[in-house]
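Reader: I'm new to reading protein models, and I'd like a close look at one part of this one. Could you pick a helix, walk me through it, and then show me how the rest compares?

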Amino acid sequence: MSSNKTIAKNTLFLYFRMFLTMGVGLYTSRLVLQALGVEDYGIYGLVGGIVSMFSFLNSAMSAATQRYLSFDIGKGDCERLKKTFNATLNIHILIAAIILVLAETIGLWFVNYQLNIPAERMYAANWVYQFSIFTFILGVIQVPYNALLIAREHMNVYAYMSILESVLKLVTVLILVRFGNDKLILYAVLTFVVSFLIRMLYKIYCKKYFKESEYEFYYDKSYYKELLSYSGWNLFGNIAAIARGQGSNILLNLFFGPIANAAYSLTLMVQGIIGSFVSNFQTALNPQITKKYAKGEIDTSLNLIFKSSKYSFFAMFIIVVPFLYNIDYIMQLWLGKVPTYAIQFIQLALIYSLIETISNPLMVGAQATGKIKWYQIIIGSFIFLTLPIIWLVFKINPDPNAVYYVLIVNSLIALIFRVLFLKNMISLKVTDYLKEVILPISGVSGLTLALLYFVKLNFNFELAAFFLMLLSTIVIIIAILLIIWTVGLMRSERAYIMKKISF
């Protein structure tokens, strides 16, 4: 019960954060697109993406940091927790130095000689690249502090910091609209300043409230070896994920130019905004999955994985369906002039995100065990194949939408592999997973789509566009909630909800 209350409280804090940051994000993204123009907006997303490609080093260690901090807290070992924090901070400082060298050599060469950027914008692109490096390195060094905050489940602070960051980004955009000869360069500089301020505040808070965050140089060869070994296998999986994400962006640039990159950047933004409805819940729940496993409560950890997969899908499905139903009007209302490819990209990307939402808790479950060698080798290899497949598909049929067709198929197959791996890693019963997760999700999805198809085919409402969007959104959400209640939830879950409501 205590864990459930903690999860519920933290989820509320994160949703409070999300609604405020989402509103600001939607408004600022429109202003940024208008201030920069489609081409410069695409260049910013592309060049920043090159820096993000080096995140495979950081992401691998980030997962290890989050896992080991949560595990130590679950075990109640304060001395080991302090050693873990200091060891991971030292490793992240080293990673930051390696990324700086790689970015200023290989990355710089790639930006200047391989990307499809208009010659007159190369000067600005290089400035964007440099400040993107500085911003990224700050984020790398900050990882242990953020991971500690989440592992300690201080989600209220995480929420407040995110709100402050959104407000500062709004101020940044207002400055961008009014000042600057080259707004692309100014935007990169201001983004770095905001990132620097937020990172410093995170560090100050952790040092004040978490005694284990006091830096002391710590070196234990065997412990560093354990951390780096775990991170090494994560590294392979993260290289695959980066190849799939940023590699797709580069291929879009090489085949279709900066206009496709602008659409891709907008798509990532929409994915992030809608995905935040789910990531907040999962961020609150993930530390508990690891902590329960650390305590030996395997059945409880599995139950949390099942619930997280199913409820996360339902939460995102409720948002995605009405959004897709009204996507043409919403995009026009939001952006005014919608970039080429954007609507088709977003439609396909949200289907892909729904599948990934189911997979994410399975990944957390695998990470909790610490035994991820073959998991990362098999899953990572399969994901890595996405990039050459996309390249081949573009060669055969130059349709930019094909990038998401490949991603969707790849994500479905990867989901199957993850379930099979967890069967051996933590005794997950495939029949239970099918019964408690996949069947309810399939039932809700099938009935909802059938209902929408019937309505679209048989009804034609004569209303103003805005009121039609509003009415359809309300009706769709109510319909999905009813379908989830009757088809998506088990009898025990409905009884639990009724008990809470009546109380």
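**A close look at helix α6**

Author: Let's begin right where α6 starts: a side-chain oxygen of Asp182 comes to within 3.2 Å of the backbone nitrogen of Leu184. Keep in mind that this is a predicted model, so every number here is computed from it.

Now follow the helix along. α6 covers residues 183-209, which makes 27 residues. At 1.5 Å a residue it should span 39 Å, and its end C-alpha atoms are indeed 39 Å apart, so the two agree. Which residues of α6 are buried? They are Leu184, Ile185, Tyr187, Ala188, Leu190, Val194, Ser195, Ile198, Tyr202, Tyr205 and Cys206. Notice that Leu184, whose backbone nitrogen faces Asp182 at the start of the helix, is in that buried group too.

You can try the length check on another helix. α12 takes in residues 373-384, 12 residues in total, and reaches 16 Å from its first C-alpha to its last, close to the 16 Å expected. Its buried residues are Tyr375, Gln376, Ile377, Ile379, Gly380 and Ile383.

Next, a pair of helices. Two packed helices are described by the angle between their axes and the distance between the axes. For α3 (residues 78-113) and α4 (residues 122-151), the axes come within 9 Å and cross at roughly 165°. Angles over 145 degrees count as roughly antiparallel, so that is what α3 and α4 are to each other. The crossing of α3 past α4 is right-handed, and the contact has 20 nonpolar, six polar and one charged residues.

Zoom in on a single serine now. Ser312 sits in helix α9 (residues 298-325) and is buried, with a relative accessible area of 0%. A polar atom of the Ser312 side chain lies 2.5 Å from the backbone oxygen of Ser308.

Finally, look at a couple of loops. Tyr341 is in the loop between α10 (327-335) and α11 (342-369); its phi is near 75°, a positive value in a residue other than glycine. Is Ser427 buried or exposed? Ser427 is exposed, with a relative accessible area of 54%, whereas Tyr341 is partly exposed at 26%. Ser427 lies in the loop between α14 (402-425) and α15 (430-458), and it has a positive phi of about 60° although it is not a glycine.

Terms used: Residues numbered from 1 in each chain as written. Predicted model: local features only at pLDDT ≥ 70, side-chain atom pairs only at ≥ 80, totals over all residues. Heavy atoms only, no water. Axes fitted to C-alpha atoms, helices over the stretch in contact; angles between N-to-C directions. Helix = DSSP H or I, 4+ residues; strand = E, 2+ residues; numbered from the N terminus. Parallel < 35°, antiparallel > 145°, perpendicular 65-115°, else oblique. Left-handed = near helix turned anticlockwise from the far one by under 90°. Nonpolar A, V, L, I, M, F, W, Y, C, P; charged D, E, K, R; others polar. Buried < 20%, exposed > 50% of the residue type's maximum accessible area, 1.4 Å probe, protein only. Polar contact = N/O pair within 3.5 Å; in protein donor to acceptor, adjacent residues only side chain to side chain. Expected span 1.5 Å × (residues − 1).
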